[in-house]
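User: Hi! I'm new to reading protein models and would like to learn why residues get the labels they do. Could you take me through this one?

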Amino acid sequence: MDIRITGASQNTLKNISLTLPAGKLIALMGPSGSGKSTLAYDTLFAESRRRFLNCLSTGARRLLARPDKPKVDAIDGLPPALCLEQHLPPAHSRAVLGSVTEVLDYLRILYSAIGVPHDPATGEKLTRVSPEEITQSLASQPEGTRITLLAPLSADFGREIEADVLQLRKLGYLRVRVNGTMCELEELEATPPPADSVCELVVDRLVNKEGAVSRIADSVQAALRLHAEEVRCVIQQKSATPTEIAFYTCYRNETTGFSLPDLSPRLFSHYSAQGACPRCEGLGWVDSQKGGKVCPACKGMRLNPVALAVTLDFGTQALNMGQFCSLTVAENRALLSDLVVPAVYRGALSCVLAELNQRLDCLQELGLEYLSLSRAASTLSGGELQRARLAGQIGGGLSGVLYILDEPTIGLHPQETNKLINALCKLRDKGNTILVIEHDPQLLAAADWLIEMGPGSGPAGGEVLGAGTYADFLRSNNSPTGAWLAGKRTFSLPAPCDVHEAEWCELRHARKRNLKDITFRFPLSALTCLSGPSGSGKSTLVHECILPALKEGKLRGAESLARAVVLDQSPLGASARSTPATVTGLLDVLRPLYAGLPLARQRGYSAGRFSLTNRGGRCERCMGTGVLQVDMNFLADLYTPCDACHGARYNRETLEVTWRGKSIAQALAQTVDEACDFFAPIPAARAILKAMQDLGLGYLPLDRAVTTLSGGEAQRIRIATHLAKAAPKRSSRGTERLLFVLDEPSTGLHFAEVDMLLQAIFRLRDAGHTILCIEHNQSILSAADYLVELGPGAGQKGGSITYSGLPQK
């Protein structure tokens, strides 16, 4: 049944109605901020979540806040929706690639079922015997051997002797051995055993003979019911001195006495107190992940010494779970083919191995074979995280679900995009509907159905411009995106600079991580693009080799570069208070302005009074966020406007200070275009706002929470922030020349926005700056002055320069 949306007017949507065909791969396209995310997340996913809550019992609903119904007249045919986001909630500090994909769940089963435990202190293999092996050992004694089976009693036995003896009598037993001496129960009542005595219950006394094996088996089971981990026996062969032997059903080191209970999956979980490293509590690092160091106790493996002493046999090597997870996904998949599984477990574990192999295969198909299962999810790029979640869903086998993805092609080389498309089609063919927000031409061409939003961003968007097949849009004369796809619109590029006449920077012997001792050269005052498959070494080359070399003065030919400005994919803000005004630095410019006004000076207000992070000026009811958070327990939290400040974020006293008739809250409530005129007398503020305007963000309110921005809006704010903060400084040697490092700047950008980005980049180049850009977008690669490609593959298959020279236009 198709999904029919009628009268959607959430956020900037303009009362739109449309139909999403069920069981298809559907792509939402259009400018960033045009309403794609609002339609997908704030309307479809929000309504699916609301309906799920309504299905809960009345008692359960009382414990949860009721989310508001999205502003839509009706949504018919809406299936359960799953949102595969590009970000993790802050609470998921222990999440790793293996847990995101559920691979660790199956690995825990394997290690608990067929893992071989060792003594953590000595490394010796631990042994144990089964009840059947105990029975066989005793039954194999010579005929006529006298056998006494004993079950150890607890250390508390004898403290309440009458009750203890009565309990044993009820079980049908008559004798106890105390410190090696046999005693009748009547004797114990008369003379209780001394404290700290070793007491053992006599379970059975028998003579081994033909047919005794069944009695021995029953007695062994009876002894194990009394003490599950140990059975003691006194064995006396004919005319021989009695000998004692102990059988342990738990894992034990016969030399040191170290013992281990039965292995369970929880022992191999770093989320569990039973399995987590006690030093780092399962985090793998101490202090903080970015500023801390690898945990010295578990060496980053997150598990405790007992769990790390359990290995699996992979034929030529035995690996504990930490070692296995530290390998790449490709190496994991190859090793599983060599896993030695005891015959008795092969049937039971066949499904587990099939699930493991399927998930690892999906990760490889999605181009993530270079990652390790122990890789912290917080260090994955948005595209990597989303593809990892996709691999888990493909392996999960769900059908009849609406999957929502936001730009899953982020960070993908064109070859890898084809793998992603195949994976999405596989998920679709299971009976699911796939809705992706996307700008990539490859995925748009592969989609079954396209929907274009627009025509502009923010208030200028929110309309459905068209819906149909890829061919329909190529033929359309009314589709802005179709014009780009059909080549009717092209990028307005200036003439490339002549790199043959340029000065060059050179880095020799780059060999970090997977780099193969390469020499990397790039021209100054030019745009150099660095491309290649994910994991081929691009980020390593730039962030771990070039930038440190520049800082340390070891980059040849870089004497004229004053400093580097780095634009990466790090989150825009670290708190719920983050807005375009805070992340661009605009608020840092305005706080001293308002603190210097007469009323502020009269009251003794400092610039900190106008900060949202400090007590005094902010609204304490919402802590400066403008909204109140409602805990939804196992669902995503909800947010409602603050009933004290009504979204202004500041308290009443602070809002009484005005400049040009506006309080700081009113000034920040303006759009970029409005604020550009309002703050025209303030050069520092004007520079920041002008950079945002140049990238098409004039419609954006300055106090909008960054968590509500689309991916393209967030990316343009990142770019504008760095362009504004990196304004050239004059020195005695003249204007500074800078190195701009851009890490996938086209992320989330529509074709028209990529054109704006290129214009900004070329303005920097023409001003004498050098731009080094990691990118996969073919339009930007074609516009480069110089192109370098790393590869040919990922991980150890990458790290080499496969091409360097002029791009093929």
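Analyst: Happy to! Keep in mind that this is a predicted model. A good place to begin is arginine 387, found in helix 13 (residues 382-396).

User: Why is arginine 387 said to have no salt bridge?

Analyst: A salt bridge needs a side-chain nitrogen of Lys or Arg within 4 Å of a carboxyl oxygen of Asp or Glu. For the buried arginine 387, the nearest side chain of opposite charge is glutamate 384, and that is 5.3 Å away. The distance is beyond the cut-off, so no salt bridge is counted.

User: What does the side chain of arginine 387 reach?

Analyst: It reaches the backbone oxygen of leucine 366, at 3.0 Å. Not counting residues up to four places away in sequence, arginine 387 also touches several others, including Gly367, Pro408, Leu420 and Ser534.

User: Which side chain of opposite charge is nearest to arginine 718?

Analyst: That is aspartate 568, at 5.7 Å. Arginine 718, which lies in helix 26 (residues 711-725), is also buried with no salt bridge.

User: What makes the link between arginine 718 and glutamine 715 a polar contact?

Analyst: Their side chains are joined at 2.9 Å. A polar contact asks for N or O atoms within 3.5 Å, so this pair qualifies. Leaving aside neighbours within four places in sequence, arginine 718 is in contact with residues that include Leu567, Asp568 and Pro571.

User: How many salt bridges does the structure hold?

Analyst: There are 40 of them. One joins the side chains of glutamate 184 and arginine 175, at 3.2 Å from N to O. That value is within 4 Å, so the name salt bridge applies.

User: Why is glutamate 184 called partly exposed?

Analyst: Buried means under 20% relative accessible area and exposed means over 50%. Glutamate 184 has 29%, in between those limits, so it counts as partly exposed. Its partner arginine 175, at 24%, is partly exposed as well.

User: How do you know that glutamate 506 and arginine 521 form a salt bridge?

Analyst: Their closest N and O atoms are 3.4 Å apart, which is within 4 Å, so the pair counts. The two belong to distant parts of the chain: glutamate 506 is in strand 23 (residues 504-510) and arginine 521 in strand 24 (residues 518-523), 15 residues apart.

User: Is glutamate 506 buried or exposed?

Analyst: Its relative accessible area is 16%, under the 20% limit, so glutamate 506 is buried. Arginine 521, at 36%, counts as partly exposed.

User: Where in the chain are arginine 621 and aspartate 643, which form a salt bridge?

Analyst: The closest N and O atoms of this salt bridge are 3.0 Å apart. Arginine 621 is in the loop between helix 21 (598-603) and strand 27 (627-630), while aspartate 643 is in the loop between strand 28 (638-641) and helix 22 (652-655). Aspartate 643 has a relative accessible area of 48%, which is under 50%, so it is partly exposed.

User: Which residues are linked in a network of salt bridges?

Analyst: Arg177, Glu200, Glu230, Arg232 and Glu244 are linked in this way.

User: How many aromatic pairs does the structure hold?

Analyst: It holds eleven. In one of them, the rings of tyrosine 605 and phenylalanine 610 have their centres 6.4 Å apart and their planes at 75°.

User: What makes tyrosine 605 and phenylalanine 610 an edge-to-face pair?

Analyst: Centres within 6.5 Å make a pair, and planes over 60 degrees apart make it edge-to-face. With 6.4 Å and 75°, the rings meet both conditions, so the pair is edge-to-face. Tyrosine 605 is buried at 13%, and phenylalanine 610 is buried at 0%.

User: What are the values for phenylalanine 678 and phenylalanine 679?

Analyst: They are 4.9 Å centre to centre and 85° between the planes, in an edge-to-face pair. Both phenylalanine 678 and phenylalanine 679 are buried.

User: How do you know that the charged end of arginine 660 sits over the ring of tryptophan 659?

Analyst: It is 5.5 Å from the ring centre, inside the 6 Å limit that applies along with an angle condition. Arginine 660 also lies over the face of phenylalanine 678, at 5.3 Å from the ring centre.

Terms used: Residues are numbered from 1 along each chain as its sequence is written. This is a predicted model: local features need pLDDT of at least 70, side-chain atom pairs count only at pLDDT 80 or more; totals for chains, interfaces and linings use all residues. Side-chain values use heavy atoms; hydrogens and water are left out. Helices (H or I, at least four residues) and strands (E, at least two) are DSSP runs, numbered from the N terminus. Buried means under 20% relative accessible area, exposed over 50%, partly exposed in between (1.4 Å probe, protein chains only). Lys and Arg count as positive and Asp and Glu as negative; His and the chain ends are not counted. A polar contact is a pair of N or O atoms within 3.5 Å; within protein, one must be able to donate a hydrogen and the other to accept it, and residues adjacent in sequence count only if both atoms are side-chain atoms. Contact means heavy atoms within 4.5 Å. Rings of Phe, Tyr and Trp (its six-membered ring) pair if their centres lie within 6.5 Å; planes under 30 degrees apart count as stacked, over 60 as edge-to-face and the rest as tilted. A charge sits over a ring if NZ of Lys or CZ of Arg is within 6 Å of the ring centre and within 35 degrees of the ring normal.
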